[in-house]
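Colleague: I am new to this structure and would like a short tour. Could we look at the model together?

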Amino acid sequence: MPKRKPAKYRDYFKVLEGFGLEQLDVYRHKDRDVLRLRDQKGRIILVELPGLREDLSIDELRKIIERSLSGTR
């Protein structure tokens, strides 16, 4: 039986979908994560998080994504 992602990760995917983004990868570092995302035009966007994904609230993640996208669109 396949493992289900924790509920918080599903909420992260919903936030990304709300921005029209698809998560491709998560690069895990000791003290931070980097998200590799694809927008609807096929462009790849790297978003460096200030910490680990699971340590961020949904609202914090939303604000970080908004700031990252403001320079790319």
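Colleague: To begin with the surface, what area does the chain expose, and how much of it do carbon and sulfur atoms supply?
Modeller: Please note that this is a predicted model. The chain exposes about 5,200 Å², and 49% of that area is supplied by carbon and sulfur atoms.

Colleague: What share of the residues counts as buried?
Modeller: The chain has 73 residues, and 33% of them count as buried.

Colleague: How many helices and strands are there, and in what order do the elements run?
Modeller: The chain holds two helices and three strands. Starting at the N terminus, the order is α-β-β-β-α.

Colleague: Turning to the interior, which residues of the largest nonpolar core touch the most other members?
Modeller: That core has 16 residues, and those touching the most other members are Leu 21, Leu 35, Leu 37, Val 47, Leu 49 and Ile 65.

Colleague: And which elements each supply at least two residues of this core?
Modeller: Two helices do so, H1 (7-18) and H2 (58-70), together with strands S2 (33-38) and S3 (44-48).

Colleague: What does Leu 35 touch, leaving out residues up to four places away in sequence?
Modeller: Among its partners are Ile 45, Leu 46, Val 47 and Leu 49, and also Leu 61 and Ile 65. Leu 35 touches Gln 23, Asp 25 and Arg 53 as well.

Colleague: You mentioned Gln 23. Where does it lie, and is it buried or exposed?
Modeller: Gln 23 lies in strand S1, which covers residues 22-28. It is buried, because its relative accessible area of 18% falls under the 20% limit.

Colleague: Which residues is Gln 23 in contact with, apart from its neighbours within four places in sequence?
Modeller: They are Phe 13, Leu 16, Leu 35, Leu 37, Arg 36 and Arg 53.

Colleague: Changing topic, how many salt bridges does a search of the whole structure find?
Modeller: The search finds seven. In one of them, Glu 22 pairs with Arg 38, with the closest N and O atoms 3.0 Å apart.

Colleague: Which parts does the pair of Glu 22 and Arg 38 tie together?
Modeller: Glu 22 belongs to strand S1 and Arg 38 to strand S2, so the salt bridge ties together parts that lie 16 residues apart in sequence. Glu 22 counts as partly exposed at 39% relative accessibility, and Arg 38 also counts as partly exposed, at 32%.

Colleague: What does the side chain of Arg 28 meet in a salt bridge?
Modeller: It meets the side chain of Asp 33, at 3.1 Å from N to O. Asp 33 is buried, with a relative accessible area of 0%, whereas Arg 28 is partly exposed at 44%.

Colleague: And what does Glu 54 form a salt bridge with?
Modeller: Glu 54 forms one with Arg 28, and their closest N and O atoms are 2.9 Å apart. Glu 54 sits in the loop between S3 and H2 while Arg 28 is in strand S1, so this pair ties together parts 26 residues apart in sequence. Through shared partners, salt bridges join Arg 28, Asp 33 and Glu 54 into one network.

Colleague: Is Glu 54 buried or partly exposed?
Modeller: Glu 54 is partly exposed, with a relative accessible area of 30%.

How values were computed
Residues numbered from 1 in each chain as written. Predicted model: local features only at pLDDT ≥ 70, side-chain atom pairs only at ≥ 80, totals over all residues. Heavy atoms only, no water. Helix = DSSP H or I, 4+ residues; strand = E, 2+ residues; numbered from the N terminus. Buried < 20%, exposed > 50% of the residue type's maximum accessible area, 1.4 Å probe, protein only. Contact = heavy atoms within 4.5 Å. Core = buried A, V, L, I, M, F, W, Y, C linked by side-chain atoms within 4.5 Å. Areas by Shrake-Rupley, 256 points an atom, 1.4 Å probe, with all protein chains shown as cover. Salt bridge = Lys/Arg side-chain N within 4 Å of Asp/Glu carboxyl O.
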